[in-house]
Amino acid sequence: MSALFSPIKLRGLALKNRIMVAPMCQYSADDGAANDWHFTHINTLALSGAAMFCIEATHVEAIGRITPGCLGLWDDATEAALKPILASVRKHSHTAVAMQLAHAGRKGSSHRPWEGGQLIPLAEGGWQTVAPSAVPHKEGEAAPLALDTAGLARIRDAFVSTAKRAERLGIDALELHGAHGYLLHQFLSPISNKRTDQYGGSLENRMRYPLEVFDAVRAVFPSEKPVGVKVSATDWVEGGWDLPQTIEFARELKKRGVDWIDASSGGVSPLQKIPLSPGYQVPFAQGIKEATSVTTMAVGLITEAKQAEEIVASGKADMVALARGMLYDPRWGWHAAAELGGQVEAPPQYWRSQPSTQKALFGATTFGAR
């Protein structure tokens, strides 16, 4: 049997394979609300063959968005916008649907990537960003406001409120975004966190706020449903966040019942130097798994079925998450199953598409005509 197409259980969530469609920002929402683009995008990738699809970074307050087009779930309007999309997914797919909860912190108020991706000044429709410390992401940019006690409580409570809305929508799992230079990562990294209170300085102090947010979300999301965390395992900058600190963070999360660690990297500093190559982040997932025994996901330049199979079969990670590869090939899971001898679910409308050499690809199917 293919390791990639073997089942795995995350709390009460039973997955038929080890593939997740990674959360991918679409920068296409209307004041945080999902629209017809998200309907098409989510419904398409819910039929990819992956056992779990994770909705893109879903922001817990308006100033927590990366761009004006980023998705949110902070009020009744943003909740209502997702409801028909999820209803359609449930009608046609058995894929588990996760959601990534996020706050951009000092990387908010940015133009969409295809508009250059740089900071939008206040005078041009941007907004005042917040962060652990009044340190800009990039030299020459306007500084964020350092969060005070009230601000920390507001954002923590916003994560809780969004988690409750996600549960009302029937979301199967949550992933906290603690990576890519966004707010929770900003607290972890000494590059962005210059605080001198209980939330800054030592590793224990820098981990404190992300752990408080995790605890608060875990407390309100149903106990049978899993909650994972995405991390940047290294900043790729000397003196920044690194794998040994990530392992300590994972150990603390394990004590609190984390269900997976999704191991990415980078994003907190434009000075980063990332040595890109296929599967370049897999050693981070492997290092975290070996040190903590926490369930891990490998992500980043995983594009080939045999590559994904080797990652899982060798024990380097328990699951793989694909992003760009899924955009390029929205049926990646089908094609991987055909190559590896696995099996995936497909809607009956598509049963006739399985190759003549792969009659069991979609399981026991029948199709008649007269």
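Okay, so the largest pocket: 49 residues line it, and the ones nearest its centre are Tyr-27, Lys-107, His-180, Tyr-182 and Arg-324. Keep in mind that we're looking at a predicted model here. The volume of this largest pocket comes out at about 1400 Å³.

Which elements give two or more residues to that lining? Those are β12, residues 319-322, and α9, residues 324-328. Helix α9 has the largest share, and that share is three residues. As for chemistry, the lining of the largest pocket splits into 21 nonpolar, 22 polar and six charged residues.

Now the second largest pocket. Its volume is about 610 Å³. It has 29 lining residues, and if you want to find its centre on screen, look for Lys-16, His-94, Val-344, Glu-345 and Ala-346, which lie nearest to it. Strand β2, at 13-15, and helix α2, at 76-92, each put at least two residues into that lining. By class you get 15 nonpolar, ten polar and four charged residues around the second largest pocket.

Let's go back to β12, since we met that strand in the largest pocket's lining. Are its faces covered or not? Both are: Met-319 and Ala-321 are buried on one side, and Val-320 and Leu-322 are buried on the other. Strand β12 also has partners. Strand β3, residues 19-21, runs parallel to β12, with three bridges joining them. If you want one contact to look at there, Ile-19 has Val-320 as its bridge partner in β12.

The other partner I want to show you is β11. That strand pairs with β12 in the parallel sense too, over three bridges. Here the residue to click on is Met-297, whose bridge partner in β12 is Met-319. And how does the chain get from one to the other? Through helix α8, residues 305-313: β11, α8 and β12 make up a β-α-β unit, and that unit is right-handed.

So what does β11 itself look like? This strand covers residues 296-299, and both of its faces are covered, with Thr-296 and Ala-298 buried on one side and Met-297 and Val-299 buried on the other. Moving along, strand β10, residues 260-264, runs parallel to β11 and is joined to it by three bridges. Asp-262 has Met-297 as its bridge partner in β11. The chain makes the trip from β10 to β11 by way of helix α7, residues 282-292, and that β-α-β crossover is right-handed.

One more strand, for the lysine fans. Where does Lys-230 sit? In strand β9, residues 227-232. Is this lysine buried or exposed? Its relative accessibility is 5%, so Lys-230 counts as buried. Its C-alpha is 5.3 Å from the C-alpha of Gly-178, and those two residues are 52 apart along the chain.

Last topic, the aromatics. How many aromatic pairs does a search of the whole structure find? Seven. Take Phe-187 and Tyr-209: this pair is tilted, 4.7 Å centre to centre, with 40° between the planes. Phe-187 belongs to helix α4, residues 183-188, and Tyr-209 to helix α5, residues 203-220, so this pair ties together parts that are 22 residues apart in sequence. Both Phe-187 and Tyr-209 are buried.

Tyr-209 has another ring to deal with, and that's Tyr-199. Why do we call that pair edge-to-face? The planes of Tyr-199 and Tyr-209 sit at 90°, with the ring centres 5.9 Å apart, so edge-to-face is what the pair is. Tyr-199 is in the loop between α4 and α5, while Tyr-209 is in helix α5, so here the parts tied together are ten residues apart in sequence.

On burial, Tyr-199 has a relative accessible area of 10% and is buried. Tyr-209 counts as buried as well, at 1% relative accessibility. Put the rings together and you have one aromatic cluster, made of Phe-187, Tyr-199 and Tyr-209.

Conventions
Residues numbered from 1 in each chain as written. Predicted model: local features only at pLDDT ≥ 70, side-chain atom pairs only at ≥ 80, totals over all residues. Heavy atoms only, no water. 1 Å grid on protein atoms, 1.4 Å probe; cavity = no way out; pocket = protein on both sides within 12 Å on 5 of 7 lines; lining within 4 Å. Points joined across faces, edges and corners; volume = space filled by probe spheres on them. Helix = DSSP H or I, 4+ residues; strand = E, 2+ residues; numbered from the N terminus. Nonpolar A, V, L, I, M, F, W, Y, C, P; charged D, E, K, R; others polar. Buried < 20%, exposed > 50% of the residue type's maximum accessible area, 1.4 Å probe, protein only. Pairing = 2+ DSSP bridges. Right-handed = clockwise from strand over helix to strand, strands pointing away. Phe/Tyr/Trp six-rings, centres within 6.5 Å; stacked < 30°, edge-to-face > 60°.
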